[in-house]
Amino acid sequence: MNKKLKKTGGLVVMIMALLMFSVPAITHAGFGVVEGNDQSVGATANFSLTAKQDFISVPDGGVIPMWGYSDNSGSGRMLYPGPTLIVGEGQIVNVTLTNEISQPTSIVFPGHVVKTSGGTHGLLTAEAATGGIDTVVYTFTATNPGTYTYYSGTSMDLQVEMGLMGVIIVRPAGFNQTDEFGAVTPGEGRSAYGNPESAYDVEFLELFDDIDPAIHDLAALGQVVDTNTNTPFYWFFNGRAFPDTLEFDLGNATGYVPWLPTQPYDALTIAAVGQKILVRVAAAGNDLTPQHFHGNNGKLIARDGRQLVVTVPAVPATNPPIITDTLYEDINTLVATPGQTADMIWKWTGQDLDWDFYGHSKNGAMNKHEVLASTTLATTINATATSLNIALTGWGPGPDDTEIIADDGVVPSTHTINAIIYDVGSTYPNQDANAELVKLRSTGSGAYAVERGTDGSTAKPWLAGSKIAYTEHGRPFPVILPELQDMSFGGVYSGSPFLGEADSLPPGQGGLNPFNAFAHPWHVHHEKNLVNNDLFIGGQLTVILITAPDEVSPPLAP
Amino acid sequence: MIKLRLSMVLSMLLLAAVFVGISTARAGVKYQCPPDEIANGGDGNGIVDGAELLAHPGTACLHSSAGDGFVMMADRRPPMYMFGYHDVTFDQEIDDREKALDPLSGYDPYNPDHIVEAGTLSAELSSPTIVRKEGESLYWTLTNVGMQVRPDLFDAHTIHYHGFPHASSIFDGVPDVSVAINQLASLTYYFKETRPGTYIYHCHVEATEHMQMGMYGNIWVQPAQNLDLAAGTGAAIEYPSGSGKLYEKYAYNDGDGSTGYDVEFPLQLSALDSAFHDASNFVQPLPFALMDDDYALINGRGYPDTKLNNADFYTSAGTMIENGEHKSQNVPSNIVIPHGDTAYLHVSNLSVIRCYTLTSLGIPMKVVGKDIGELKSGTGEKLHYYTSTLEVCGGETFDVLLYTADVDPGTYFLYTTNLNYLSNGMDEDFGGMMTEVVIN
């Protein structure tokens, strides 16, 4: 595809090519692909859903009767949320609905133009009568890639509350799971909308919902329910309440665990430093749910299956339109509105933390992805020089083509950054015993004021052509942590403040972090939703584990 | 001879035991400010200044206590029990008392006894506003001084710097995935502030409870574009171009002055559930599932307390014996703008239950940023917009400008259009989440 971004003068440079560099993933199969019923290959996708009554479990030991969709595979039991239906752009999708709950039901598909066959027409769409025999087939063409929902179109105040809802993902044309977008074949690979502006490495789903158990008990008993009294006491994330949101079967690479047979999906998020995470957000339930992402801001790239971009028609017009600008929102709190969907791309690189978050010393082992950008000195400098000239456009790929590029490829010019000057003969800064740690501050037009010989290194002369890397490597941990007995530890804490490391913990505390990852909660910021019926902690909370990418440059031999 | 009743003897013994216990257990209280510490050649006054600042440019230290206290609601119901932070980098009362005994002494920011005394029952609502500059480094010590009114509680505390970019786990303040600090001990966080904007800080220990109880405040990071004549950085920019109006302070590094302002104010929306706070005060089970806010606030006060400056507020509300007469509500909401000036409102919502829609009656609001991000396109086109209503959900922050040049001097109103929150407690006409904007 032809994509061009208009370049405006000044601070922001969108470097398309950099998006093609891959960051080696922690290869944990099953992480980073949304689980569901994937029929995205072929001309048609056919799903068979049965509305059924069953139960879900909540972490306070409770059991709640539900109405939900089964896709008649596996155990055949009802699933909450309904199975995630994964289809391909342009496919004809047929969803056959059979009804085993005690009242008529139907399905609506927001964002799609649907034709029906069978059943009896209700107010919104064709309905299937109760009894398990009547069927309705809903047919639509998945014209646009994106994140959508499907839910009951009958007595919606009750039936959607009872759990009759789910998510549809439409994959763009040219999608394949294995390739970085455009890295193998132009226009093909992992992206949400079939363009580099929506390319990603790992993908997760967040579906919010809440439940009033009193309504569920009455409905299951066939009683009349006044849904005006709806007062939630449980809050859900992909059909589970914390801590069930973190249950994941590592061995079989699935969120399905036998003790939650009707709640197949987890909400655990795992990604490596520098990986782009696509978060597909959808909300059912009663209230606006502001989802707060600890760890960094992300970019809201689409709403309701439409990418937030400015386009001009391509020539010829049958080609996809050309993106001339993006209207992405740079946010850390995304308000998920019931009935709406949103897509967000999120990344963590540890840029400008001002300490080495791997806990390395200057010549110790170095994770190769610690280098955010690098270049070479244009001129020779002596040991006392206080300014450098490095062409801003010279900040580019690091020593090899697998480094992380900070945020949008921008080296900050408004505050001091940490860098290392090292010998041209060393591939990585940690391999030069005489590497010098410096602090740089842009003074404009490629000139930098430089503080020499910082953090225990020695200022020395450097020849033109010496390398300089923008990195936090070797910067000391800035504070003394309290004694162990003065701290309380979270279950996921590894015992060490450093990424990839573990350390001593008091008995019974911490350690539930198999990758010694940096863990951050992603949770709804209306904290009343973080309880399970009067018990804190619970509800709409999950965790992202940020793991260290694999490649390491070994320590310098003594 | 004084006849001592058995009960008096027992309480004296208990008091003695408690004091002894506290002294030895205060070993964990420790303020860390490396450039200022005497061992590192600093002068030990608790802040980075003078020669220390020259050696460590852009470095600062802060010391907050976390504990409990009381605040006054605008309907003057009995004092509301709450949790919050307090600045214990310095304490005037202790300083005066020490100097009265020895003119060469004073408040010692590294002395655990001074720190704990300064922080006890000093919680504030909203917690103190912290103003920082882009590129600065901050050593922020948090000392958990314990809960005086609830000695049965052993809650830890944290500081979550909400919105901090590329945050590490250890300094993000979420106890479930890292560490929290126990009572009578200190944890020092380190932040290098690289993104200008409006942030929030709040406790993340038992977040539903501690945030409902009021542990939150503002952090603002000012952009490098702000004119700093002493440092020789930043710029004065005319906006709009050709108008003759020059700005020296901006919300973001906007490049064109379009986020420029003259005066700034916090607008932190939140609300309290009086049943929850009273249950906490009187050692009752806490109603999480039935949590329902009935006192809606701006910057920790309800209208008409929001329109009062601090001096007038304390005259009206009085200070409470319950919290040792600490002044606990120090973030005023009376917005006073000289006519022609531009005001910058740092809007945030710390409600644990719902969103609020804010409206400005008579003065259009220009929204220039959300969640520490200036509203602009991928190519840098400004996406600032004018509105008269702004919906703010929990955890969101917005940067809003009010231009007054085309507005007549007078008194205007900022309030929530969720009109049922315009009351303090049960029945009132005009209270709660409302304040006044005076253009003079």
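A cavity, in the sense I will use today, is a set of grid points where a 1.4 Å probe fits but cannot get out. Rolling a probe the size of a water molecule over the atoms shows where empty space is left. What we are looking at is a predicted model, and I would like to begin with its empty spaces and then move on to the packed parts.

How many cavities of 30 Å³ or more does a search of the whole structure find? There are 7 of them, and I will describe two. The largest cavity has a volume of about 190 Å³, and among the 17 residues that line it, Val33(A), Val34(A), Glu35(A), Phe204(A) and Asp266(A) lie nearest its centre. Strand E14 of chain A, residues 202-211, gives the largest share of that lining, with 3 residues. Sorted by class, the lining of the largest cavity consists of 9 nonpolar, 5 polar and 3 charged residues.

The second largest cavity has a volume of about 110 Å³. It is lined by 16 residues, and the closest to its centre are Thr349(A), Gly350(A), Phe357(A), Glu370(A) and Glu472(A). In the lining of this second largest cavity we find 6 nonpolar, 6 polar and 4 charged residues.

Next, a pocket, which is an open set of points. The second largest pocket holds about 1400 Å³ of space, and of the 45 residues that line it, His56(B), Pro57(B), Gly58(B), Thr59(B) and Gly135(B) are the closest to its centre. Which elements each supply at least two residues of the lining of this pocket? From chain A they are strands E30 (436-444) and E31 (447-451), and from chain B they are helix H2 (51-55) together with strands E1, E4 (137-146) and E7 (185-192). By class, the lining of the second largest pocket divides into 21 nonpolar, 13 polar and 11 charged residues.

Let me turn to the packed interior. The largest nonpolar core has 112 residues, and those with the most contacts inside it are Ile277(A), Trp346(A) and Trp140(B). Strand E1 of chain B, residues 59-71, gives the most to this core, with 6 residues. Apart from the largest core lies another one, of 30 residues, including Leu85(A), Val87(A), Leu97(A) and Ile107(A). If we look at Trp140(B) itself, and leave out residues up to four places away in sequence, the residues it touches include Leu62(B), Ile130(B), Tyr161(B), Phe191(B) and Ile219(B).

Helix H4 of chain B, residues 112-119, is a good example of an element with a buried side, for which His114(B), Ile115(B), Val116(B), Ala118(B) and Gly119(B) are the buried residues. These buried residues of H4(B) pack against strand E1, strand E2 (80-87), helix H3 (92-101) and strand E4 of chain B. At the N-terminal end, H4(B) is capped by Asn111(B), with a side-chain oxygen 2.8 Å from the backbone nitrogen of Asp113(B). Just after H4(B), Leu121(B) takes a positive phi of about 55°.

I will finish with three single residues. Is His157(B), in the loop between strands E4 and E5 of chain B, buried or exposed? Buried means under 20% relative accessible area, and His157(B) counts as buried because its relative accessibility is 0%. Leaving aside neighbours within four places in sequence, the contacts of His157(B) include Ala66(B), Leu142(B), Cys203(B) and His210(B), and a polar contact of 3.3 Å joins the side chains of His157(B) and His210(B).

Ser348(B) sits in strand E17 of chain B, residues 342-349, and Ser348(B) is counted as buried because its relative accessibility is 1%. The side chain of Ser348(B) makes a polar contact of 3.2 Å with that of Gln268(B).

Lastly, Ser466(A) lies in the loop between strand E31 and strand E32 (467-470) of chain A, and with a relative accessible area of 6%, Ser466(A) is buried too. Not counting neighbours within four places in sequence, Ser466(A) is in contact with Thr375(A), Thr376(A), Leu377(A), Ile421(A) and Tyr422(A). A polar atom of the side chain of Ser466(A) lies 2.8 Å from the backbone oxygen of Leu463(A).

Key. Residues numbered from 1 in each chain as written. Chains lettered and ligands numbered in written order. Predicted model: local features only at pLDDT ≥ 70, side-chain atom pairs only at ≥ 80, totals over all residues. Heavy atoms only, no water. Core = buried A, V, L, I, M, F, W, Y, C linked by side-chain atoms within 4.5 Å. Buried < 20%, exposed > 50% of the residue type's maximum accessible area, 1.4 Å probe, protein only. Helix = DSSP H or I, 4+ residues; strand = E, 2+ residues; numbered from the N terminus. Contact = heavy atoms within 4.5 Å. 1 Å grid on protein atoms, 1.4 Å probe; cavity = no way out; pocket = protein on both sides within 12 Å on 5 of 7 lines; lining within 4 Å. Points joined across faces, edges and corners; volume = space filled by probe spheres on them. Nonpolar A, V, L, I, M, F, W, Y, C, P; charged D, E, K, R; others polar. Polar contact = N/O pair within 3.5 Å; in protein donor to acceptor, adjacent residues only side chain to side chain.
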